[in-house]
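Q: Please take a close look at the part of this model where the ligands are held, and explain, step by step, what surrounds them.

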Amino acid sequence: MRFRDQYDSYLNHITNYLSESCFIYPSEPQQILFESVRYSLLAGGKRLRPVFVFDFCRMCGGDWRLASEFAAAVEMIHTYSLIHDDLPCMDNDDYRRGKLTNHKVYGEAIAVLAGDALLTTAFGTVAHSCLSPETRIRAIDVLATCAGELGMVGGQVLDIQSEQRQCTRQEVLDIQSRKTGALIKAACVLGVLAGGGTEDQLNAAQKFADHLGLAFQIRDDMLDVIGDAERLGKAVGVDENKNTFVQLYGLEVCDQMVCDHTNEALRWLESFDDTEFMAELAKNLTGRIY
Ligand code: IPE
Ligand code: IPE
Ligand code: MG
Ligand code: MG
Ligand code: MG
């Protein structure tokens, strides 16, 4: 299958899943909550993390459609992280995925609660998967570790704190790999778990994600300088007080870092079968403009 067709089948599958089976309770009174969650969850986005779940499952020989709940859970956690990241007490952004941010439409209280609902439901969604109980428990463990205080939430704390001072290269690496890399790692690992991969494949997926996650966040930081707000669906030029590699080293060095980490990520695909799609995806992400 051609790259774009494969991507579209993953994208359409996850979007239909989220749209048709998540946060729909016609007889409940808290409709504003469901509306606010679905506003952000169905606002588009690249759906990269579900694509990682599906394709790592497929590369391990599994039926990727059986990974739907795992993919949905990661996308719910990602969407919650974006809603909270955009709040006035965090990055204070007005646009996300080409629309007004959640709190701009629903107010801060509902936006906080929409994030809470997404985070909570993510774990329930994994629990309801038809995969084996052991696989589900491992998935819940990985998701909790990657999303929690040592992973994404921890990284967001370090990111906010670092606004007050100049960070070292090692500190910036640590922030980036936690705030963004950790959830990408969860996605790749959940895909391997869903596909019944080996321990060797689990290890390779983590290494792949370590490098790809860094490349992805460095490119995100570059796009804050060279990107187009319309195309990105979010404001640019907002990272001036942040500690990013762009601030530390400039765009040219960052471009090279994105390529180096992507090449390093690609090496870890050797542990899998039928890797053309993932290799092409990783390469495409180096030059992404949104
Ligand atoms: C944005 O993630 C936040 C970061 C971790 C850099 P994405 O660029 O994957 O955002 P969507 O899901 O496509 O909107
Ligand atoms: C976001 O990093 C990381 C998380 C949401 C966990 P950024 O703050 O750089 O993401 P954008 O640029 O707002 O999408
Ligand atoms: Mg942020
Ligand atoms: Mg932000
Ligand atoms: Mg950013």
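A: In this predicted model, a good place to begin is Arg49, which has a polar side-chain atom 2.8 Å from an oxygen atom of ligand 1. His78 makes a similar approach, with an N or O atom of the His78 side chain 2.8 Å from an oxygen atom of ligand 1, and for Lys46 the corresponding distance between a side-chain N or O atom and an oxygen atom of ligand 1 is 2.7 Å. Taken on its own, ligand 1 has 400 Å² of accessible area, and the protein covers 88% of that area.

The residues that surround ligand 1 are Gly45, Lys46, Arg49, His78, Leu82, Arg97, Thr180, Phe216, Gln217 and Asp220. Sorted by character, this shell holds two nonpolar, four polar and four charged residues. As for where ligand 1 lies in the protein, its place is in the largest pocket. Two elements, H4 and H10, each give two or more residues to the shell around ligand 1, and H10 contributes the most, with three residues.

Turning now to ligand 2, the space that ligand 2 takes up is also described as the largest pocket. Helix H4 (68-85), helix H8 (152-161) and helix H10 (199-226) are the elements that give two or more residues to the shell around ligand 2, and here the largest share, three residues, comes from H4. The full list of residues around ligand 2 is Ser81, Leu82, Asp85, Asp91, Arg96, Met152, Gln156, Lys179, Gln217, Asp220 and Lys234, and these divide into two nonpolar, three polar and six charged residues.

Several side chains of this second shell can be followed atom by atom. A polar side-chain atom of Lys234 lies 2.6 Å from an oxygen atom of ligand 2, while an N or O atom in the side chain of Lys179 is 3.4 Å from an oxygen atom of ligand 2. For Gln217, the distance from a polar side-chain atom to an oxygen atom of ligand 2 is 3.5 Å. The protein covers 89% of the 390 Å² of accessible area that ligand 2 has on its own.

When the two lists are read side by side, Leu82, Gln217 and Asp220 appear both around ligand 1 and around ligand 2.

Key
Residues numbered from 1 in each chain as written. Chains lettered and ligands numbered in written order. Predicted model: local features only at pLDDT ≥ 70, side-chain atom pairs only at ≥ 80, totals over all residues. Heavy atoms only, no water. Near = heavy atom within 4 Å. Polar contact = N/O pair within 3.5 Å; in protein donor to acceptor, adjacent residues only side chain to side chain. Areas by Shrake-Rupley, 256 points an atom, 1.4 Å probe, with all protein chains shown as cover. 1 Å grid on protein atoms, 1.4 Å probe; cavity = no way out; pocket = protein on both sides within 12 Å on 5 of 7 lines; lining within 4 Å. Sits in = over half its atoms within 2 Å of the grid points. Helix = DSSP H or I, 4+ residues; strand = E, 2+ residues; numbered from the N terminus. Nonpolar A, V, L, I, M, F, W, Y, C, P; charged D, E, K, R; others polar.
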